Amino acid sequence: MISFTFDDFPHSALVRGGAALAEHGLAATYYTAFGLAGHTIETGRMFDPADIARLVRSGHELGCHTYDHCPAWETPATEYLASVRRNAAALSAELGDGATFASHSYPISYPRPAAKRRLARIFRGCRFGGQTSNIGTVDLNCIASFFLEQCGEDLGAIERLVGEITEHGGWLIFSTHDVDVRPTRYGCTPAFFESVVGCAVRSGVPILPVGRALADLGAGR
Ligand SMILES: [Zn+2]
């Protein structure tokens, strides 16, 4: 499987990234930190509250990224979990009581074991970075992903990763932040993003948002 994910998330991730996926009838997972709504941070201008309903209407999926964008390693587990609960409350306030996040992604740094253990009871799976794909046994509380901005827009690196899971099976998750003609150093250009989507589509590998992929695998909860 292949998944596309955006962290924080910048407004451009929905407008440019989401549009590139929608052209192929595909959906992404947006790891949302509700506390960032309306702000501009290192990863660009963030989503507006109105983007949340728009995102869901377009068939995309929401994931949790803590309310306060807590650095995962530096934040004590109790504080981290409180921010996860606050994010869930903000989601309910926006979309109603039935709305839940199926998966989680850790902001900034490596997760603490105590937080991983507790998040396992809340989410089907939690995504991290690691610049690799998931082949063989997978830690569902630390699923690997490949941040597009860290490969210098090298499509060859993407083709090698996609080729690897096409051949051996596995789950390749792409992550990034903004998708803009002048991206921040945490994002990529629309042209590169479209090339990555094209490469994934040509592989014939199923492309699913993370929560749906986890549900299909029967993983978690
Ligand atoms: Zn983040």
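This is a short tour of the structure above, one selection at a time.

Keep in mind that this is a predicted model: local features need pLDDT of at least 70, side-chain atom pairs count only at pLDDT 80 or more, and totals for chains, interfaces and linings use all residues. Residues are numbered from 1 along each chain as its sequence is written.

**Stop 1: helix α2**

Select residues 49-57, which make up helix α2. Helices (H or I, at least four residues) and strands (E, at least two) are DSSP runs, numbered from the N terminus. Now colour Asp51, Ile52 and Leu55, the buried residues of α2. Buried means that 20 or more other C-beta atoms lie within 10 Å of the residue's own; exposed means 12 or fewer, partly exposed is in between, and the C-beta atoms are placed from the backbone.

Why do the buried residues sit on the same side of α2? They cover an arc of only 110° around the axis, the arc being that of the directions from the helix axis to the C-beta atoms. Here's a handy rule: an α-helix has 3.6 residues a turn, so residues three or four places apart point the same way.

Spin the view to the other side of α2, and you'll find Pro49, Ala50, Ala53 and Arg57 exposed. Back on the buried side, the helix packs against α1 (11-22), β2 (29-32), β5 (61-64) and α3 (77-95). Step past the end of α2 to glycine 59, which has a positive phi, near 90°.

**Stop 2: strand β5**

Next, pick out β5. Glu61 and Gly63 point one way from the strand, Leu62 and Cys64 point the other way, and all of them are buried. Add β2 to your selection: β2 and β5 pair in the parallel sense over four bridges. Two strands count as paired if DSSP finds at least two bridges between them. To see one bridge, show tyrosine 31 and its partner in β5, glycine 63.

Then move along to threonine 66, in the loop between β5 and α3. Threonine 66 has a positive phi of about 65° although it is not a glycine. Is threonine 66 buried or exposed? It counts as buried, with 30 C-beta neighbours inside 10 Å.

**Stop 3: helix α3**

Select α3, a helix of 19 residues. From its first C-alpha to its last, α3 reaches 27 Å, close to the 27 Å expected at 1.5 Å a residue; that expected span is 1.5 Å times one less than the number of residues. Colour its buried residues: Tyr80, Ser83, Val84, Asn87 and Leu91. They cover an arc of only 105° around the axis, so they are on the same side of α3. The face turned away from that side carries the exposed residues Thr78, Ala89 and Ala93.

What do the buried residues of α3 pack against? They pack against β5 and α4 (113-119). Right after α3 comes glycine 96, with a positive phi near 100°.

**Stop 4: leucine 172 and the core**

Zoom to leucine 172 in strand β9 (residues 172-176). Leucine 172 is buried, with 25 other C-beta atoms within 10 Å. Leaving out residues up to four places away in sequence, it touches Ile2, Ser133, Phe146, Leu161, Val162 and Ile165. Touching, or contact, means that the two C-beta atoms, placed from the backbone, lie within 7 Å. Try a distance label too: leucine 172 and phenylalanine 4 are 168 residues apart in sequence but 8.8 Å apart in space, C-alpha to C-alpha.

Leucine 172 also belongs to the largest nonpolar core, which has 59 residues. A nonpolar core is a set of buried Ala, Val, Leu, Ile, Met, Phe, Trp, Tyr and Cys residues joined through C-beta atoms within 7 Å. Phe9, Tyr30, Leu172, Ile173, Phe193 and Val196 touch the most other members. Helix α6 (residues 190-203) gives the most to this core, with five residues.

Go to Phe9 now, in the loop between β1 and α1. The peptide bond from aspartate 8 to phenylalanine 9 is cis, with omega near 0°.

**Stop 5: helix α7**

Finish with residues 210-217, helix α7, and colour its buried residues Val210, Gly211, Ala213 and Leu214. An arc of only 160° around the axis puts them on the same side of α7. Their cover includes β1 (2-8), β6 (103-105) and β7 (125-130). Just after α7, look for glycine 218, with a positive phi of about 70°.
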